[in-house]
Amino acid sequence: VRRPVVRLLLALGAASVAGAQPAGGPIVAVSDEVGHDVRLIDAGTGATLATIPTGARARGVRASRDGKRVYVALSDDAVNAQTSADAIAVVDVATRRVVARVPAGSDPEQFAVTSDDRWLVASNEDAGTASVVSLGDGRVAATLVVGIEPEGVVVSPDDRWALVTAETSNSVSIVDLRARAVVGAVLVDPRPRAAAFAPDGARAYVSAEIGGTLSEIDVRRHTVVRSVPIEGSVGKPVGVAVSGGRVWVANGAADVVSVLDARTLRAVGRVRVGRRPWGIAASADGRWVVTANGLSDNISLIDARTLAVVRTIPVGKRPWGVAIVP
Amino acid sequence: MQPPIVPLDGPSMDRRTLLRLCAGALATTVLRAPRAVRVVLAGAAEAPLAEALAFGVSEAARSAQPFGVSVTLARAAEPGEVAAARDVALVLFGGADAAGCRAVAERARALGAVYVDAWCGLDAWRGRSDGCAGHVVHVAPSAAMRADALGAGAPDALTARRWIVTTDEASDAEMLLAVRGSRALSAAGATVVGLVGQPRAAAQAAGVTHDAVLHVGDAGATITAARTDEARPLRALGWHASLEPFGGAQLGDRFRAAARRPMDERAWAAWAGVKLVVEAALRATSAERLDQRLGRADFIIDAHKGVPLSVRAADRQLVQPLYLVRDGDDAVLATVPRPGTDARARLAALGAVPHACGVGA
């Protein structure tokens with residue numbers, strides 16, 4: 001479990017698939033909560049490139065910035081019990097195999113990875129903590145007390161800050177990744193789920209499922225700048241992504257993605273996708289947005305320029321998280 | 001260039017300086033918001049309820065700590081022993097029966113505190129205006145809510161279409177609830193073939209053909225629905241240990257780890273009551289009392305029921321979905337209101353009673 005991940009990957013001679021993307025869409029990684037696997041999908045053609053068994057409940061998923069690795073949060077099906085199933089699996093994209101499992105505390109659900117692939121921050125839902133893990137040697141460098149029922153995790157573009165939402169406490173803990181300490185918290189609307197940084201790292205956006213809002217946070221001042229209702233406050237915003245000057249919000253209950261101007265937070269569009277969109281990811285170039293639709297067992301590929309769903313792709317039994325592989 | 005602003009009795013200052021001063025004043029007033037919440041369990045209480053309250057305080061204290069607000073729990077053998085406290089938001093729980101709940105609520109009123117009714121329900125104040133007073137909030141569901149919920153959800157849950165509605169006695173309290181239940185059954189598409197102010201046996205003796213019974217007993221304290229071929233009745237509960245969606249599983253697991261037993265509706269009400277008042281304290285402005293924040297239409301909390309919960313201004317009732325559970329079952333048969341169109345309106349109407357605390361209350 002504690003094998004050095006990077007060394008192992010070098011030994012495997014993993015090759016990047018970066019640059020190999022078809023013009024019609026990106027490569028997408030999708031976690032399957034019930035099917036216990038992660039899939040690599042060519043969203044341009046709809047083809048499943050690989051179905052990689054994880055042997056455990058797969059939820060949060062992220063891709064490394066160089067596109068060589070996909071990380072997947074794994075846990076057992078029972079809560080409040082840390083078992084050997086609780087880990088972050090490292091998938092080598094080239095060989096399409098799980099090449100390492102990194103411990104990340106109890107019941108990891110969502111996580112984020114620093115841009116240099118050195119550190120991982122995971123929320124431990126049942127323990128009420130966040131774990132800061134060295135991806136180099138699998139060492140848990142810090143276990144931080146955050147709010148109750150932590151969920152969403154995001155790391156700032158400069159790797160300085162991590163935000164951890166807490167669904168029961170209605171808080172966002174601000175973690176200084178240099179000090180590996182919680183340095184503040186922001187009270188947001190009820191049941192915060194996901195967070196996403198603006199490209200400049202100064203602001204972040206947090207969804208509140210029960211509050212029905214999206215809050216903009218000033219990260220350095222630890223304040224809520226403003227909160228806006230989503231879908232007329234009857235939405236249940238969960239996943240959040242930022243790209244192309246827009247904030248993309250997955251509304252689990254309404255089966256739509258709400259599109260907001262990132263500067264004004266005014267709604268500029270809505271896209272109907274599959275049932276109960278949960279995970280959402282946007283490509284770095286702002287061209288694509290993808291949702292994992294948990295109740296319709298598919299993903300929706302959205303053209304970010306036209307706001308049209310250009311492809312709906314069946315995947316697994318309950319897609320949970322989604323990441324675009326650069 | 002901005003023109004200078006000249007105060008009445010001081011030197012001139014530019015607009016930026018004034019804004020800085022205003023910002024400083026605002027920060028000062030924010031700091032004056034309550035920094036401590038003291039929860040007091042007053043009067044005799046069963047050990048499991050005290051334990052559930054301690055769990056709620058423990059969770060709320062952890063959530064409030066990053067914001068510089070402390071949450072503590074104290075016990076008082078009698079309501080009269082609870083003392084006033086300065087610079088602390090005082091919140092009273094307790095009351096083993098209707099009279100006990102009213103006594104604790106009255107003590108809260110005298111102290112300028114908030115009383116959280118977690119275990120009695122508005123019916124403990126039947127016919128009294130002080131049950132809807134601003135310092136009270138009812139987390140426990142009222143009998144009217146339970147009658148509405150059973151009427152709305154039982155026909156589908158039990159697949160029963162022809163109903164009679166019965167009571168233990170023909171008292172006003174029971175008959176009013178029986179009428180509510182009857183209306184809710186009809187609104188749900190069921191046929192109410194009889195509403196009788198007498199026990200079920202008498203109705204059956206009268207030869208009314210039906211396949212289910214909604215019964216109101218114990219002056220409204222017991223409301224059940226049952227098919228005629230099923231001995232175990234259905235009840236409308238505020239919580240059930242089997243609930244998993246919306247973080248219910250996580251809440252249940254945390255409670256089980258703390259109390260070594262499943263979370264029932266009274267334990268949930270204790271936990272939710274503490275969460276309600278502590279969130280109100282965290283969000284209250286410096287000019288706002290705790291009870292004022294609790295009654296605001298825009299003040300909502302999440303308590304793992306999948307919808308925003310709020311306190312109804314008219315009767316200080318926490319409006320919340322209820323769960324239909326058959327005695328002895330380990331699963332919920334139905335949630336009322338069901339999700340869907342106009343669910344919010346149906347939730348707002350659950351147990352809503354014109355003049356719940358008397359005309360003019």
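**Exercise 1. Charges of chain A**

Task: Find how many positive and negative side chains chain A has, and how far apart the centres of the two sets lie.

Solution:
- Start with the counting rule: Lys and Arg are positive, Asp and Glu negative, while His and the chain ends are left out.
- Next, place each charge at NZ of Lys, CZ of Arg, CG of Asp or CD of Glu.
- Chain A then has 37 positive and 33 negative side chains.
- The two centres lie 3 Å apart.

A note on the model before going on. It is predicted, so local features need pLDDT of at least 70 and side-chain atom pairs pLDDT 80 or more, while totals for chains, interfaces and linings use all residues. Residues are numbered from 1 along each chain as written, chains are lettered from A and ligands numbered from 1 in written order, and side-chain values use heavy atoms, without hydrogens and water.

**Exercise 2. The build of chain A**

Task: State which helices and strands chain A has, and explain why chain A counts as compact or not.

Solution:
- Helices (DSSP H or I, at least four residues) and strands (E, at least two) are numbered from the N terminus.
- Chain A has one helix and 28 strands.
- Its radius of gyration, taken over C-alpha atoms, is compared with the globule rule, 2.2 Å times the number of residues to the power 0.38.
- The radius is 18 Å, close to the 20 Å that the rule gives for 326 residues, so chain A is as compact as a globular protein of that length.
- Along the principal axes, the C-alpha atoms fill a box of roughly 50 × 45 × 35 Å.
- Buried means under 20% relative accessible area, exposed over 50%, partly exposed in between (1.4 Å probe, protein chains only).
- By that cut-off, 62% of the 326 residues of chain A are buried.

**Exercise 3. Where chain A meets chain B**

Task: Work out how many residues of chain A touch chain B, and which residues of chain A lose the most area.

Solution:
- Contact means heavy atoms within 4.5 Å.
- On this basis, 27 residues of chain A are in contact with 23 residues of chain B.
- Buried area is the accessible area (1.4 Å probe) that two parts lose on being put together, summed over both.
- It is about 2000 Å² here, with 54% from carbon and sulfur atoms.
- Ile148(A), Leu187(A) and Ile210(A) lose the most on the chain A side, together 29% of what that side buries.

**Exercise 4. Three residues in loops of chain A**

Task: For Glu149(A), Asn170(A) and Asp158(A), decide: buried or partly exposed?

Solution:
- Glu149(A) sits in the loop between β11 (140–145) and β12. Its phi is near 65°, a positive value in a residue other than glycine. Its relative accessible area is 1%, so Glu149(A) is buried.
- Asn170(A) sits in the loop between β13 and β14 (171–176). Its phi is near 60°, also positive in a non-glycine residue. With a relative accessible area of 0%, Asn170(A) is buried.
- Asp158(A) sits in the loop between β12 (150–155) and β13 (161–166). At 48%, Asp158(A) is partly exposed. Its C-alpha atom is 7.1 Å from that of Gly201(A), 43 residues apart along the chain.

**Exercise 5. A cis bond in chain B**

Task: Say which residues the cis peptide bond joins, and where Pro337(B) lies.

Solution:
- The bond joins Val336(B) and Pro337(B), with omega about 0°.
- Pro337(B) lies in the loop between β14 (334–336) and α10 (343–349) of chain B.
- Chain B as a whole has 10 helices and 14 strands.
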